[in-house]
Amino acid sequence: MLDMSKPIINEVKALNTFAQDTKIIGNIESDGDIRIDGVLEGKLNCKGRVVVGPEARIKGVIYARNAEILGNVEGEITVIDLLSLKASATITGDLVMGKFSVEPGARFIGNCKMNGSEKSLPNLE
């Protein structure tokens, strides 16, 4: 039986999803994971995993723990752990990451800096 006198701690963070017909102009902050299939113009600060869908278009800055890019990003991307560019990805801007994975077909124009230490990356706050 569940003891209601003790707080319930849920370790699973929510997945936020923004559909293709959604356009956001402004900043987004999240402790959980985010999938964007629409348009974002602004800053995305995510302490979890970011997935940019194949039809998504982002113009701005992305800070995340992990990111998987399938769509179009114009701006700076900073990822503490793994940044993965899939074959359909098109990136115009600078990249900073801990680990990097690129599939054949992905397009990237900009500078790339791979750091082995989380301490050298910007604070997600």
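This is a dialogue on how to read a predicted model of one protein chain.

Trainee: Where do I start, and what secondary structure does the chain have?

Mentor: Start with the elements, then ask how they are arranged. This chain has zero helices and 12 strands. Along the sequence, the pattern is therefore β repeated from start to end, β-β-β-β-β-β-β-β-β-β-β-β.

Trainee: How many of the residues reach a pLDDT of 70 or more?

Mentor: Confidence is read before detail, since the model is predicted. In this chain 81% of the residues reach 70 or more, and the mean pLDDT is 86. Among the elements, strand β7 (residues 72-74) has the highest mean, 98, and strand β1 (residues 15-18) the lowest, 83. Residues 6-12 have a pLDDT below 50, and that stretch makes one contact in the model beyond near neighbours in sequence.

Trainee: Which strands pair with β4, and in what sense?

Mentor: For any strand, look up its partners and count the bridges. β4 (33-36) pairs with β1 in the parallel sense over four bridges. In that pairing F18 stands opposite I36. β4 also pairs with β5 (39-52), again in the parallel sense, over three bridges. Here R35 stands opposite V51 of β5.

Trainee: Which residues of β4 lie on the covered face, and which on the uncovered one?

Mentor: A strand can be read face by face. In β4 the covered face holds I34 and I36, while D33 and R35 make up the uncovered one.

Trainee: What can I find in the loop before β4?

Mentor: Loops are read through their residues. D31 sits in the loop between β3 (28-30) and β4. At 46% relative accessibility D31 counts as partly exposed, because that value falls between the 20% and 50% limits. D31 and N45 are 14 residues apart along the chain, with 8.6 Å between their C-alpha atoms.

Trainee: Which strands pair with β8, and over how many bridges?

Mentor: Follow the partners from strand to strand. β6 (57-69) and β8 pair in the parallel sense over six bridges, with E68 and S84 as bridge partners. β8 and β10 also run parallel, joined by seven bridges. Two examples from that pairing are V79 with M97 and L83 opposite F100. From β10 the trail goes on to strand β12 (residues 112-114), parallel over three bridges, where V96 stands opposite K113.

Trainee: Why is β8 described as largely enclosed by the rest of the structure?

Mentor: Count its buried residues. β8 is largely enclosed because seven of its nine residues are buried. For the chain, buried residues make up 40% of the 125 residues.

Trainee: Which residues have the most contacts inside the largest nonpolar core?

Mentor: A core is read first by its members, then by the elements that supply them. The largest nonpolar core has 24 residues, and those with the most contacts inside it are L44, V52, I62, I69, V73, I77 and L83. The elements that give two or more residues to this core are β4, β5, β6, β8 (77-85) and β10 (95-102). Take L83 as a case: beyond its neighbours within four places in sequence, L83 is in contact with A67, I69, I77, L95, M97, K99, F100 and S101.

Trainee: What does A87 touch, and where is A87 found?

Mentor: Place the residue, then list its contacts. A87 is found in the loop between β8 and β9 (90-92). Its relative accessible area is 36%, so A87 is partly exposed. Leaving out residues up to four places away in sequence, A87 touches E103, P104, G105 and A106. A87 and G105 are 18 residues apart in sequence, and their C-alpha atoms are 4.4 Å apart.

Trainee: How many disulfides are there, and is C46 buried or exposed?

Mentor: Cysteines can be checked for both points. A search of the whole structure finds zero disulfides. C46 counts as buried, because its relative accessibility is 0%. C112 is partly exposed, at 41%.

Trainee: What share of contacts joins residues at least 24 apart, and what is the accessible surface of the chain?

Mentor: Totals come last. Among contacts between residues at least 6 apart in sequence, 7% join residues at least 24 apart. The accessible surface comes to about 7600 Å², and carbon and sulfur atoms account for 50% of that area.

Conventions
Residues are numbered from 1 along each chain as its sequence is written. This is a predicted model: local features need pLDDT of at least 70, side-chain atom pairs count only at pLDDT 80 or more; totals for chains, interfaces and linings use all residues. Side-chain values use heavy atoms; hydrogens and water are left out. Buried means under 20% relative accessible area, exposed over 50%, partly exposed in between (1.4 Å probe, protein chains only). Contact means heavy atoms within 4.5 Å. Accessible areas come from the Shrake-Rupley method with a 1.4 Å probe; for residues, only the protein chains shown count as cover. A disulfide is a pair of cysteine sulfur atoms within 2.5 Å. A nonpolar core is a set of buried Ala, Val, Leu, Ile, Met, Phe, Trp, Tyr and Cys residues joined through side-chain atoms within 4.5 Å. Two strands pair if DSSP finds at least two bridges between them. pLDDT is the predictor's confidence in each residue, from 0 to 100.
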